[in-house]
Amino acid sequence: MSTEVPEGIGPKRRTGSARRLGIRAYLVLLISLAIVAPLSTYAVLGGFFINSFFEREFTARGETVVRGVAGSSLAFMRSAVAVVVGIAEDERFFGNGDPVKLKEHLGAKLALHPEFESFVCIDARGVQIASSPPDPNDDGLDLSDRDYAKPLEGVPLVSESYISSSSGRPVVSISVRPDRSSLAVVGSLDLSLLSDFVAQSVGPDWTLEIADGSGTIIADRDQRRVQERANIGNLIRGGEAGGTTRVSMGEGSPIGAFSRRLGEYGWSVVASYDPAAFLVTINRIRSSALAFAILAFAILGAIALFMARRILGDLDLLRSGVRAIRDRHYGDLALEPAFIEFRELIGDVRSMESAVEEREAQLTDMVRQRDTLLREVHHRVKNNMQIISSLLSLQKDTMVDPEAAIALTESSSRVQALALVHEFLYRGEDFSRIRLGDYFRELCSSLIAAYGAQGVQLLYKGDPIELEFDRAIPIGLVMNEIVTNSLKHAFRGRSGGKITLTLGSSEEGIDIFIADDGPGFGSGGIKRSLGFQLIDSLISQLGGSMKRTIENGTAYSIVLPI
Amino acid sequence: MVGVRRRIPLLILTLALGGCSARTVSIGFIGDLTGKQSELGVSGRNGALLRIEQANSRAEIRGAVFRLVTEDDANKAQSFRAAVDSLVAQGIPAAIGPYTSSMAELASADQRMFFLSPTASAESLSGRYDMLFRLMTPSSLGAEALGKKAASALGAKTASILYDSDNELYAKDFIASFRASFETAGGRVLASASYSSSARDLQFAPILAKLLADRPSALLTVATGSDTALVIRRAKQILPGILPLASGWAATTDFLKFGGTAMDGTMFEQQFDPASVSPAYLDFVAAYLARFGSMPSFSSMYSYEAAGILLRAMTGRVTPAGIKKRIMASPRVHGLQADYEFDAYGDVAREDSVFIVRGNKYQSLQ
């Protein structure tokens with residue numbers, strides 16, 4: 001008969017070839033991920049997003065800075081040009097061309113505009129006729145071959161930067177010749193003010209420079225670069241006037257810069273983020289990211305280790321609890337697992353434990369009832385057999401015929417032998433087996449008593465061997481026939497004798513040796529009596545073998561298979 | 001998403017290249033970079049910078065990136081010593097410079113660094129076994145040629161001399177050679193005067209009025225380009241027709257810039273040939289013009305060559321003496337205009353020529 005197991009009942013099995021991993025393996029994997037995940041996050045953040053962020057931030061700020069400074073620089077220069085134009089167009093002083101008055105006028109203007117290093121006045125021939133402060137090296141000289149001495153009428157001319165021969169500082173000249181005027185005014189603008197303006201335009205992290213058309217720096221927060229005429233022409237080549245260009249700071253520079261050309265003067269504004277400051281900021285963020293990654297790793301690792309210990313601890317508790325149930329130590333499942341899931345599982349195990357304990361109690365009770373019943377049955381069978389044996393004994397006493405009396409006596413002893421088996425069964429612990437040695441000794445003793453052969457001594461030696469109930473009855477009958485036969489014949493004419501009984505076990509089975517010290521069979525040999533027929537038949541039924549020896553008595557060696 | 005994909009290889013490349021960064025080799029530079037007389041140093045600094053930028057962009061020396069560490073000596077002894085102290089403190093074993101012979105005299109006595117001066121050309125610096133190598137031959141030969149030319153070919157009978165005492169060593173050597181050859185050729189030096197270019201409120205008019213009072217037929221000026229231009233302009237006003245003579249020191253871009261057409265007729269001695277058609281020189285001029293937006297001076301060219309010599313001698317960890325030894329191991333140099341060779345004292349021999357300014361340009365009189 002086959003039974004179909006409902007779906008969801010019974011162990012679930014994985015399909016496919018997937019390897020089974022224990023919780024420990026998964027925990028190792030989890031801890032590994034706890035290490036790798038924050039480091040990967042750091043690498044991605046540090047290597048990509050931070051750079052990307054700075055790229056965008058830098059670009060936006062750079063464009064804003066150069067655009068703003070370019071506009072302010074133009075305003076600065078337009079203001080300076082307006083100053084020179086204002087001087088040149090003041091007809092009150094330039095009308096008569098008197099050098100003395102011109103010098104006074106230029107001096108007064110110079111006092112009002114300290115951003116100018118000097119003002120000079122050049123006549124139509126290109127000769128310097130007045131200057132403030134006085135310039136004895138050039139006054140009276142024909143300077144017509146100098147660029148700044150030849151402005152077109154009405155068009156202000158701004159020169160390239162150069163080192164002033166009087167002050168040694170970088171200056172630009174602004175030349176203005178008003179319409180229909182024979183005189184030109186040249187103002188030398190001190191560029192150090194432009195540097196001051198640049199210094200105030202942006203934060204300290206930015207390097208901001210203004211270069212003239214040749215690339216020579218004319219304004220820089222670091223005045224030394226202006227004084228030293230540093231040249232950044234390589235950064236500002238190309239690019240349209242008014243447009244902002246991203247430029248390279250050259251080999252080895254980690255970042256770029258931005259350049260914006262001022263169309264009117266050919267100047268360029270170059271803004272670059274100070275590489276050192278840039279790297280400091282980057283490194284600060286990377287350090288923070290690394291610190292965060294390490295912290296995350298530490299927290300994740302700690303949580304993973306904590307969980308691993310708690311889960312494995314709960315599993316160990318659970319396993320010990322289940323083993324206690326297996327070993328019938330009910331009520332020992334006093335577990336307090338850390339996780340809710342394990343608590344629920346422990347609750348289920350406890351329910352199962354209660355059910356098992358209750359079921360076992362029921363079964364124990366049922367077995368006890370069955371034992372009582374069986375004991376009672378065996379007791380009654382034994383009593384009934386004793387009644388039969390007693391009836392046969394009573395019947396024997398009425399027999400006249402000695403053979404009939406003997407037959408009844410033998411039958412009575414046979415029934416008694418059977419009754420003894422049942423007595424052993426209900427007296428014992430196990431209703432299916434009896435202790436063979438005890439049974440044989442009891443059986444022999446009762447037969448000796450029954451035949452009134454008190455002088456016969458039973459010598460027993462044997463191992464503690466148990467035999468099933470259904471095989472005990474035939475062997476008991478066999479023993480009954482052999483001992484009865486010895487009592488009837490072996491000690492005839494003697495007041496005493498010995499019956500030797502040895503019980504042992506070997507590879508072949510149970511070895512039973514029983515012998516008497518009688519005369520053995522006479523010349524008539526063994527008669528085919530009922531007793532011998534029973535012996536042979538029962539031995540055969542048990543699948544055993546028997547060897548009979550007649551020498552200084554009669555001995556039987558019986559081997560029963562296990 | 002495309003941007004992300006593009007940046008991943010860039011990121012990998014950046015990380016990969018991050019592990020094999022080149023070694024930075026610092027080359028010192030000491031010159032007069034500020035003030036009225038800074039043209040020599042500034043144009044020299046630009047020439048050296050151009051050579052280093054080219055070396056870096058071409059990766060000429062594998063595994064090395066060069067940088068120029070500049071120090072301003074302001075043509076003053078105290079500043080020069082401070083500049084050397086600064087470079088030595090930074091562990092820089094060699095420097096391009098100094099540029100004037102007065103500063104070169106100090107460098108010759110300093111054993112802490114190896115100096116490669118592009119322009120110092122005083123005769124008295126020759127034949128010294130020191131840590132100073134020079135790229136210009138002593139100017140005495142040029143001064144002799146100039147004196148001889150002025151007296152013989154141009155018929156100058158008398159001459160007066162004005163020089164900048166801030167570079168006295170060079171000036172006196174030059175003047176001595178000029179005077180000897182000029183007088184040998186039949187000329188006569190009437191007067192000599194000096195001034196300090198670093199003096200405040202410097203006025204050339206009274207100096208020249210006194211110096212030219214004897215109406216010499218020629219005026220030799222031994223000064224920077226800008227000062228020489230001012231002097232010649234004023235001298236021509238005082239004494240029209242005077243023959244202007246100048247030392248090679250003045251042959252900078254400032255001279256023509258400040259002097260303009262008034263400098264026509266000025267005679268120079270110089271080892272630098274501004275009209276050279278050497279391919280290497282023309283390439284250099286083109287590169288310099290593109291980089292700095294102006295023409296190079298002799299100081300630019302010699303500094304360019306000096307940087308080329310040093311960047312090859314400074315690979316690996318070297319001492320000042322080691323650099324000197326390396327240069328002397330192969331003393332012949334392929335110059336932009338001509339090859340030359342260092343002698344045992346670190347001096348070179350170059351041809352010196354006489355030039356005249358015509359149409360705001362230098363023309364050879366050879």
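Let's start where the two chains meet: 36 residues of chain B are in contact with 32 residues of chain A. Keep in mind that this is a predicted model. Putting the two chains together buries about 2,700 Å², and carbon and sulfur atoms give 50% of that area. What holds hands across the boundary? There are five residue pairs in polar contact between chain B and chain A, counting pairs with both residues at pLDDT 80 or more, while the rule finds zero salt bridges across this interface.

On the chain B side, several elements give two or more residues to the surface that touches chain A, among them α1 (2-18), α2 (39-58), β2 (64-72) and α10 (279-292). The largest share comes from α2(B), with six residues. Sorted by character, the chain B side has 13 nonpolar, 13 polar and ten charged residues.

Now for chain B as a whole. Its 366 residues are 58% buried, and the chain has twelve helices and 14 strands. Take the contacts in chain B between residues at least 6 apart in sequence: 70% of them join residues at least 24 apart. Chain B exposes about 14,500 Å², with carbon and sulfur atoms supplying 54% of it.

Next, the salt bridges. Side chains of opposite charge can pair when their charged atoms come close. Over all chains, the count comes to 33 salt bridges. Here are some of them:

| Pair | N to O distance |
|---|---|
| R368(A) and D365(A) | 3.4 Å |
| R414(A) and E481(A) | 2.3 Å |
| E105(B) and R128(B) | 2.9 Å |

R368(A) and D365(A) are three residues apart in helix α8 (residues 340-397) of chain A, so about one helical turn separates them. R368(A) is partly exposed at 48% relative accessible area, and D365(A) is partly exposed at 35%.

R414(A) and E481(A) are both buried. R414(A) sits in helix α9 (residues 402-427) and E481(A) in helix α11 (residues 469-489) of chain A, so this pair ties together parts that are 67 residues apart in sequence.

In chain B, E105(B) belongs to helix α4 (residues 101-108) and R128(B) to the loop between β4 (114-117) and β5 (132-134), 23 residues apart. E105(B) is partly exposed at 30%, and R128(B) is partly exposed at 24%. Back in chain A, shared partners join E410(A), R414(A), E481(A) and K488(A) into one network of salt bridges.

Finally, have a look at L458(A) in strand β13 (residues 456-462) of chain A. Which residues does L458(A) contact, leaving aside neighbours within four places in sequence? They are R441(A), C444(A), I448(A), I499(A) and L501(A). L458(A) and L501(A) are 43 residues apart in sequence and 7.3 Å apart in space, C-alpha to C-alpha.

Technical notes: Residues numbered from 1 in each chain as written. Chains lettered and ligands numbered in written order. Heavy atoms only, no water. Contact = heavy atoms within 4.5 Å. Buried area = accessible area lost by both parts, 1.4 Å probe. Salt bridge = Lys/Arg side-chain N within 4 Å of Asp/Glu carboxyl O. Polar contact = N/O pair within 3.5 Å; in protein donor to acceptor, adjacent residues only side chain to side chain. Helix = DSSP H or I, 4+ residues; strand = E, 2+ residues; numbered from the N terminus. Nonpolar A, V, L, I, M, F, W, Y, C, P; charged D, E, K, R; others polar. Buried < 20%, exposed > 50% of the residue type's maximum accessible area, 1.4 Å probe, protein only. Areas by Shrake-Rupley, 256 points an atom, 1.4 Å probe, with all protein chains shown as cover.
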